[in-house]
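Let's take a walk through a protein structure together, from the broad view down to single residues. Keep the picture open beside you as you read.

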Amino acid sequence: MRAVAFAALLAALLASGCGPKAITAGSRPFPSERAVFVDSSGKAVPDLPVSGESFRLVVLDFPWCPACGEVWKAVGSASAAAAPGSFRVYRILFDREIGISAEGRRETDPMRPAPPPGLDVETLTAIPGAFMEEYRVRHVPVLLLIERDGKVARRWIGYSTKLPEELAFEFRKRAPAPSSLPPGT
């Protein structure tokens with residue numbers, strides 16, 4: 001019996017300390033222990049840029065992901081439900097993909113849809129090896145709704161036709177309360 005308990009404890013310790021961690025609701029994935037992004041200036045960073053908004057929406061945007069275009073449409077339509085200035089959108093790009101043609105294999109710029117017009121999006125590029133070694137991402141697209149304190153409040157994997165409504169609900173729920181107006185105004 002002791003041997004079984006010891007083996008279970010050892011397995012739990014090894015599993016928790018080795019390999020990439022999953023980004024789950026309730027976790028605080030950023031900052032990471034090492035640089036996993038490159039910002040617009042080319043600097044390697046471990047965290048999302050500082051934001052004063054109530055919450056953040058992080059979209060992991062993969063070049064080979066057809067559903068990522070639908071996700072951007074959902075984010076654009078749901079953003080109307082949020083109070084202006086209540087959230088910031090971060091687009092995490094995975095920069096390159098391998099194209100296969102008659103000439104052979106080569107690295108190509110990914111074809112990806114642009115974020116919806118009028119949506120303020122801050123773009124970072126994932127450092128492919130470092131990001132995948134730090135975080136376990138097995139299915140795409142991935143959206144993370146992150147509270148001001150850095151905790152993941154919601155996570156969506158993939159696209160569904162309900163995504164615009166779910167995002168709008170979450171945006172309204174987290175929007176700052178309107179200021180109280182004096183009576184008669």
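Of the 185 residues in the protein chain, 38% count as buried. Bear in mind that this is a predicted model. Its protein chain exposes about 10,900 Å², and carbon and sulfur atoms supply 58% of that area. As for secondary structure, the chain comes to four helices and 11 strands. Contacts tell you something about how the chain folds back on itself: among those between residues at least 6 apart in sequence, 70% join residues at least 24 apart.

Now find the sheet. Seven strands make up an open sheet, and if you go across it you meet them in the order β3-β2-β8-β5-β4-β10-β11. The pairing is mixed. What stands at the edges? That would be β3 (44-45) and β11, each of which has a single partner strand, so one side of each is left without a neighbour in the sheet.

Two helices pack on this sheet, so to speak as its company. Helix α2 (residues 67-78) touches β4 (55-61), β5, β8 and β10, and its direction makes about 160 degrees with that of β4. Helix α4 packs on the sheet too, touching β4, β5, β10 and β11; the direction of α4 makes about 170 degrees with that of β11.

Let's zoom in on β8, since you can see both kinds of pairing there. With β2, strand β8 pairs in the antiparallel sense over two bridges. Phe37 has Ala126 in β8 as its bridge partner, while Val38 has Thr125 in β8. With β5, strand β8 pairs in the parallel sense, over five bridges. Here you can look for Val89, which stands opposite Val121 in β8.

Next up, the charged side chains. How many salt bridges does the model have? The count comes to 14. Three of them are worth a visit.

Start with Arg28 and Asp149, whose closest N and O atoms are 3.0 Å apart in their salt bridge. This pair links distant parts of the chain, 121 residues apart: Arg28 is in the loop between β1 (21-22) and β2 (37-38), and Asp149 is in the loop between β10 (142-147) and β11 (152-157). Arg28 counts as partly exposed because its relative accessibility is 47%, and that label covers values between 20% and 50%.

Then there is the salt bridge between Arg88 and Asp120, again with the closest N and O atoms 3.0 Å apart. Arg88 belongs to strand β5 (residues 87-93), whereas Asp120 is in the loop between β7 (104-108) and β8 (121-126), and the two residues are 32 residues apart. Is each partner buried or exposed? Arg88 has 17% relative accessibility, so it counts as buried. Asp120 has 52%, so it counts as exposed.

The third pair is Arg174 and Glu147, with closest N and O atoms 2.8 Å apart. Arg174 is in helix α4 (residues 163-174) and Glu147 is in strand β10, 27 residues apart along the chain. Arg174 is buried, because its relative accessible area is 15%. Glu147 is partly exposed, at 24%. Both residues also belong to a network of salt bridges that links Glu147, Arg154, Glu166, Glu170, Lys173 and Arg174.

Let's go back to the loop between β1 and β2, which is also the place of Ser32. Is Ser32 buried or exposed? Its relative accessibility is 9%, so Ser32 counts as buried. A polar atom of the Ser32 side chain lies 2.2 Å from the backbone oxygen of Arg34. Leaving aside residues up to four places away in sequence, Ser32 touches Pro46, Glu134 and Tyr135.

One last stop is Ala22, in strand β1. With a relative accessible area of 32%, Ala22 is partly exposed. Ala22 and Arg138 are 116 residues apart along the chain, yet their C-alpha atoms are separated by 9.4 Å.

Note on methods
Residues numbered from 1 in each chain as written. Predicted model: local features only at pLDDT ≥ 70, side-chain atom pairs only at ≥ 80, totals over all residues. Heavy atoms only, no water. Salt bridge = Lys/Arg side-chain N within 4 Å of Asp/Glu carboxyl O. Buried < 20%, exposed > 50% of the residue type's maximum accessible area, 1.4 Å probe, protein only. Polar contact = N/O pair within 3.5 Å; in protein donor to acceptor, adjacent residues only side chain to side chain. Contact = heavy atoms within 4.5 Å. Areas by Shrake-Rupley, 256 points an atom, 1.4 Å probe, with all protein chains shown as cover. Pairing = 2+ DSSP bridges. Axes fitted to C-alpha atoms, helices over the stretch in contact; angles between N-to-C directions.
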